[in-house]
Amino acid sequence: MSPWKAIDHLMLRVAQAEPLFDALHRDLGLPIGWPLQRADFATYGWIGVGNTQIEIWAAASNCDLPTGCALPLVLGFALEPNHLETDLGLLQERGLHHRPPRNFSSPDAHGISRSNFTNSVVEDLSSPGCCVFYCDWAPGAPIAPWPRDATADNRRALQAAALAARQGGVLGMTGLRRITLQTPDVPATERAWRTALDTSFGPLLLAPDIQLILEAGPRHQISALHIGVRDAAAARAALGDRNWLGAIGDDGAMRLDHPACAGLALWMLPEMF
């Protein structure tokens, strides 16, 4: 049994939120999951890719980031729990450690403090450069942009429908398919993830349609995201026509070379139906 249900969202730290947010929404035609917000602490918004959301976050201060981590940076991802208390207990049974759950609240429209979400970092899967944590959204969370009565399952269905309504955007995207994680110690990192997922062989599936790929690197941090595309030839033509076509991998994946994506390894991966 997986100790979580899905990937709620990815955390993408950037110097400025607007260029990338506009590129993904206006230029690539992806749906908005959370309209762009401007606050004292950050400018942020979410873009939907069907099976998860990408949170674009430009903090007023980046002093929380480890030394040497340059922006843009995929700082980690949030796990959607099956049931938070049960999932954390399952991780503990498997010998993994997590931080105590921490609730975040804010006033609702009537000034009454209500829960937004509860977070718990999975310490054995995280590092200063890659945070893996549970995000358990409360029903009717005051800050949430989705319908107050929407459950987690409802939200995921709405996300998928929003991408389908746009036919996957300009490139015909179908959803996040791979997260590539660099690590100085691949065997140790693989052991930790296999322990969490309770699997001794085969692919590391973060969700039924999202795979974790491990590769050797100097830091423990996410190095690439692969998003599926329905029609490889059409996606390649669309990228080429717009001068957004970057490198092409041995598996046919195409790197998005949009100016607003500079420094990000965002790849379009042909679906194998």
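Which residues does Asp87 touch, not counting residues up to four places away in sequence? In this predicted model, the answer is Met1, Pro3, Trp4, Pro81, Asn82 and Tyr134. You can find Asp87 in helix 2, which covers residues 84–93. Take a look at its surroundings: Asp87 is buried, yet it has no salt bridge. The nearest side chain of opposite charge belongs to Arg94, and it is 8.4 Å away. A salt bridge is counted only within 4 Å, so Arg94 does not qualify as a partner for Asp87.

Now let's turn from a single residue to the empty spaces. Rolling a probe the size of a water molecule over the atoms shows where such space is left. The largest pocket has a volume of about 1200 Å³. It is lined by 36 residues, and those closest to its centre are Met11, Trp57, Phe104, Asn119 and Phe133. Try tracing the strands that give two or more residues to this lining: strand 1 (6–13), strand 2 (32–38), strand 3 (42–48), strand 4 (53–59), strand 6 (102–107), strand 7 (113–121) and strand 8 (131–137). The pocket lining is a mixture, with 23 nonpolar, seven polar and six charged residues.

There is also an enclosed space to visit. The count comes to one cavity of 30 Å³ or more, and the largest cavity has a volume of about 40 Å³. Its lining is made up of Leu24, Leu28, Leu30, Val49, Ile54, Met173, Ile227, Leu256, Leu266 and Met268. What kinds of residues are these: nonpolar, polar or charged? The lining of the largest cavity has ten nonpolar residues, no polar ones and no charged ones.

Key
Residues are numbered from 1 along each chain as its sequence is written. This is a predicted model: local features need pLDDT of at least 70, side-chain atom pairs count only at pLDDT 80 or more; totals for chains, interfaces and linings use all residues. Side-chain values use heavy atoms; hydrogens and water are left out. On a 1 Å grid over the protein atoms alone, a cavity is a set of points where a 1.4 Å probe fits but cannot get out, and a pocket is an open set with protein on both sides within 12 Å along at least five of seven lines; lining residues have an atom within 4 Å of a point. Grid points are joined across faces, edges and corners, and a volume is the space filled by probe spheres set on the points. Helices (H or I, at least four residues) and strands (E, at least two) are DSSP runs, numbered from the N terminus. Ala, Val, Leu, Ile, Met, Phe, Trp, Tyr, Cys and Pro count as nonpolar, Asp, Glu, Lys and Arg as charged, and the others, Gly among them, as polar. Buried means under 20% relative accessible area, exposed over 50%, partly exposed in between (1.4 Å probe, protein chains only). Lys and Arg count as positive and Asp and Glu as negative; His and the chain ends are not counted. Contact means heavy atoms within 4.5 Å.
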